Amino acid sequence: MRRTTKFAALLTAGILALGACGSSDSDGESSTTGSDTPSSSAPQSDVKVGMAYDVGGRGDQSFNDSAAAGLDQAVEEFGMTPNESEAEDGEAENAREERLRTFADAGFDPIIAVGFAYAASVGKVAAEYPDVHFAIIDDSSLADVPNVASLVFAEEQGSFLVGAAAALKTQTDHVGFIGGVETPLIQKFQAGYEAGVAAVNPKVKVDVTYLTQVPDFSGFGDPAKGKTAAQGMYDAGADIVYHAAGGSGGGVFEAASESGNLAIGVDSDQYNTADPSVQDVIMTSMLKNVNVAVYEYLKQVNDGSFPTGVTTYDLSVDGVGYSTSGGMIDDITGQLDDYKQQIIDGKITVPTEPK
Amino acid sequence: MIGRLTRLMLAISTPVLALVAAFAITSLVLLAAGDPVLDVWDQILSVPETRNLANIIDNATVLYLSGIAVAVGFRMNLFNIGVDGQYRVAAFTAAVVAGEAWLPGYLNTALAIVCAMAVGAIWAGIAGVLRAARGVSEVISTIMLNAIATGLVAYLLRQVAVREEGSNQIGTKQIPEGSRIPNIGLGDGTSSVYGFIIIAAVVGFAFWFVLNRTRFGFDLRATGQSTTAAVASGISVKRMTVTAMLISGAIAGLVGLPILFGDSYTYGSTFQSGLGFAGIAIALLGRNNPIGIALGALLFAYLDEQSNPLQILVGVSPDIVAITQGVIVLTVVISYEIVRRYRQRLEQQQVARALESERGEASNDKAEEVPA
């Protein structure tokens with residue numbers, strides 16, 4: 001009995017400690033950014049912005065970081081006072097609500113919720129604080145709530161373009177898609193990519209795999225899993241793999257580099273942000289400009305109006321797109337821009353769900 | 001042997017010792033990280049508002065059930081790491097059953113709860129049968145079953161999921177209003193706690209009653225303390241293993257239900273995870289005692305509730321909460337061991353003293369006899 005207890009204690013302490021380590025990369029940052037007051041020469045604003053990140057927070061080199069970049073830009077330009085807080089893995093729903101309430105009680109307005117996981121919490125807390133303004137990214141189920149702005153992206157449109165690029169560039173008529181976690185959101189990336197490939201050449205084969213299933217969200221932060229999955233695709237004959245897997249994408253690039261193949265990045269221009277040793281395999285990246293959405297939202301707030309309703313960041317406003325850093329797709333940008341125009345004109349409708 | 005007062009003092013000193021040690025170690029961690037130690041303790045020790053109190057009680061209710069589920073196994077010397085998988089499979093089942101609403105009103109709720117307990121019991125029972133029939137360590141098999149549960153629930157969720165317009169969440173059908181368990185108001189008009197807390201209290205009482213007041217509970221504890229002694233007194237260890245796992249799993253099946261019937265009304269991609277592991281820590285904190293587990297659950301929920309204000313108002317990483325929780329678990333186990341050894345020595349000394357004085361009296365008697 002006592003032996004079991006000791007074993008269990010050790011294991012539990014280990015799990016808790018590891019949990020703390022897992023997110024320790026954001027240690028300290030949250031404490032410094034909170035007190036980052038602009039210097040006297042910088043523009044002043046009495047707007048206090050509360051940022052509620054999803055799991056991973058600032059420093060995840062992906063989705064949250066992109067939102068943070070938009071916040072930083074706005075803070076620098078308008079002199080707003082920011083404060084940040086991030087979700088923990090496996091936290092209760094009421095912890096998400098409480099995060100928003102703590103911001104609201106401390107006088108933060110607007111409060112930006114990063115990620116669709118906040119949908120229910122924002123819905124509830126926005127009703128409790130009708131005078132505080134909220135924004136939520138990647139969710140439009142709160143379109144009718146007067147004090148909520150929904151910032152969503154047409155990920156399928158950007159994915160369509162990189163899919164077309166992959167189909168134009170493949171030598172083996174075989175490409176791949178790796179999703180981090182199988183959620184409706186990541187399925188939009190898959191659907192657009194497949195449609196883009198098919199638009200160029202329906203004969204090109206598309207391998208699809210997801211790293212994890214909900215509620216296991218580790219697929220967004222596990223480079224080892226990404227590498228294994230990509231390696232399998234390259235071994236099977238694919239020569240270009242597109243990942244929508246957040247932090248796991250680093251492993252995809254490694255696998256591409258080791259096998260002499262190409263990969264497509266996601267969210268930001270990963271040619272510039274990824275490890276320099278794998279830079280030459282990143283053919284292009286599907287840009288999902290969360291930073292633009294956050295910045296634009298805060299810009300309007302700075303101008304004195306709080307946007308509400310749904311704002312869709314699609315190709316027509318350059319909310320999504322593709323990157324050309326590295327020059328690997330310079331020869332096909334004409335064709336891609338042609339597709340882009342057709343999508344903007346409505347001649348091509350990109351599906352949001354995989355077939 | 002030792003006096004009532006000494007025993008009481010020892011019983012009180014253990015958790016106090018543990019908390020003081022945890023306090024000191026956490027302060028050192030804060031100092032090392034360069035965080036404002038005083039502000040952190042000021043925030044952690046501030047009186048929570050009613051709203052926060054409701055959150056603490058709600059989260060403690062969930063953690064309590066998880067702790068009890070783990071404690072059933074511990075009492076039998078079984079280490080059920082699989083509570084995590086068991087509660088997710090069970091909560092999903094309950095969400096589907098209640099969402100389909102085959103029965104009206106609370107009959108629907110009751111059916112869903114029974115289904116959840118049954119599924120939890122079956123999921124844990126697999127590990128129990130493997131242990132009893134094939135000697136497979138329940139630690140290994142329940143960890144494996146956790147992974148299988150994750151995949152299975154994810155697959156089934158996609159089969160039955162409904163998706164709200166504009167949302168990126170998927171979830172089971174909403175439970176009809178008539179089958180939801182109403183929350184209990186805390187008197188300030190807005191804050192309320194899960195009605196399921198009553199069921200949790202009943203489970204806690206049943207746990208105490210069955211273990212301490214029934215033949216079955218005696219058999220279970222006996223098997224946990226010594227398998228050979230249990231066999232000698234005619235207890236079937238294999239049957240006890242399977243039964244204990246079934247009960248542990250059935251209680252694990254209840255873990256997610258307060259959330260399901262009191263708050264979310266659906267099992268979706270953001271349903272709380274990791275509750276089973278928290279339960280292990282809480283069973284340890286509570287020394288497998290129903291009251292102790294309640295205190296442990298409240299302590300953990302209380303600390304969890306500090307995570308957001310610590311981040312937003314004090315500006316320290318919320319990881320400090322996880323560190324404090326881990327430190328508390330360790331200091332509690334260590335301080336119980338220290339006090340146990342101290343008490344043992346105290347008892348031995350008393351026995352020795354008693355023996356000595358007896359011998360002394362005996363020799364005095366002899367000495368008195370001599371001159372006569």
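Start by selecting Val20(B), which sits in helix H1 (residues 4-33) of chain B, in what is a predicted model. Val20(B) counts as exposed, since its relative accessibility is 53% and the cut-off for that class is over 50%. Add Leu8(B), Ile12(B) and Val16(B) to the selection, and you have, together with Val20(B), a nonpolar patch on the surface whose accessible area comes to about 360 Å².

Next, display the interface of the two chains, where 57 residues of chain B are in contact with 57 residues of chain A. The two chains bury about 4800 Å² between them, with 56% of that area on carbon and sulfur atoms. In chain B, the residues that lose the most area to chain A are Arg51(B), Asn168(B) and Ile312(B), which together account for 15% of what that side buries.

Keep Arg51(B) selected and add Asp105(A): these residues form a salt bridge in which the closest N and O atoms are 2.8 Å apart. Across the interface of chain B and chain A there are four salt bridges, and 17 residue pairs are in polar contact, both residues being at pLDDT 80 or more. To see which elements of chain B give two or more residues to the side that touches chain A, colour helix H3 (50-75), helix H6 (138-160), helix H12 (275-285), helix H13 (290-314) and helix H14 (319-369). H14(B) gives the most to this side, with ten residues.

From there, move to the loop between H12 and H13 of chain B and select Arg287(B), a residue other than glycine whose phi is positive, near 55°. Arg287(B) counts as partly exposed, at 34% relative accessibility.

In chain A, a residue to set beside it is Asp267(A), in strand E9 (residues 262-267), which is not a glycine and yet has a positive phi of about 70°. Asp267(A) counts as buried because its relative accessibility is 10%, and the cut-off for that class is under 20%. Most residues other than glycine have a negative phi, and most peptide bonds are trans. For a peptide bond that is cis, select Asp109(A) and Pro110(A), where omega is about 10°; Pro110(A) lies in the loop between helix H4 (93-105) and strand E3 (111-113) of chain A.

Finish at Thr212(A), in strand E7 (residues 205-212) of chain A, a buried residue with a relative accessible area of 6%. A polar atom of the Thr212(A) side chain lies 3.1 Å from the backbone nitrogen of Gly219(A). Neighbours within four places in sequence left aside, Thr212(A) is in contact with Gly180(A), Val181(A), Glu182(A), Phe217(A), Ser218(A), Gly219(A) and Lys225(A).

Methods:
Residues are numbered from 1 along each chain as its sequence is written. Chains are lettered from A and ligands numbered from 1 in the order in which they are written. Side-chain values use heavy atoms; hydrogens and water are left out. Helices (H or I, at least four residues) and strands (E, at least two) are DSSP runs, numbered from the N terminus. Buried means under 20% relative accessible area, exposed over 50%, partly exposed in between (1.4 Å probe, protein chains only). A polar contact is a pair of N or O atoms within 3.5 Å; within protein, one must be able to donate a hydrogen and the other to accept it, and residues adjacent in sequence count only if both atoms are side-chain atoms. Contact means heavy atoms within 4.5 Å. Patches are made of residues with over 30% relative accessible area and no salt bridge: like charges are joined within 9 Å, nonpolar side chains (Val, Leu, Ile, Met, Phe, Trp, Tyr) within 5 Å. Accessible areas come from the Shrake-Rupley method with a 1.4 Å probe; for residues, only the protein chains shown count as cover. A salt bridge is a side-chain nitrogen of Lys or Arg within 4 Å of a carboxyl oxygen of Asp or Glu. Buried area is the accessible area (1.4 Å probe) that two parts lose on being put together, summed over both.
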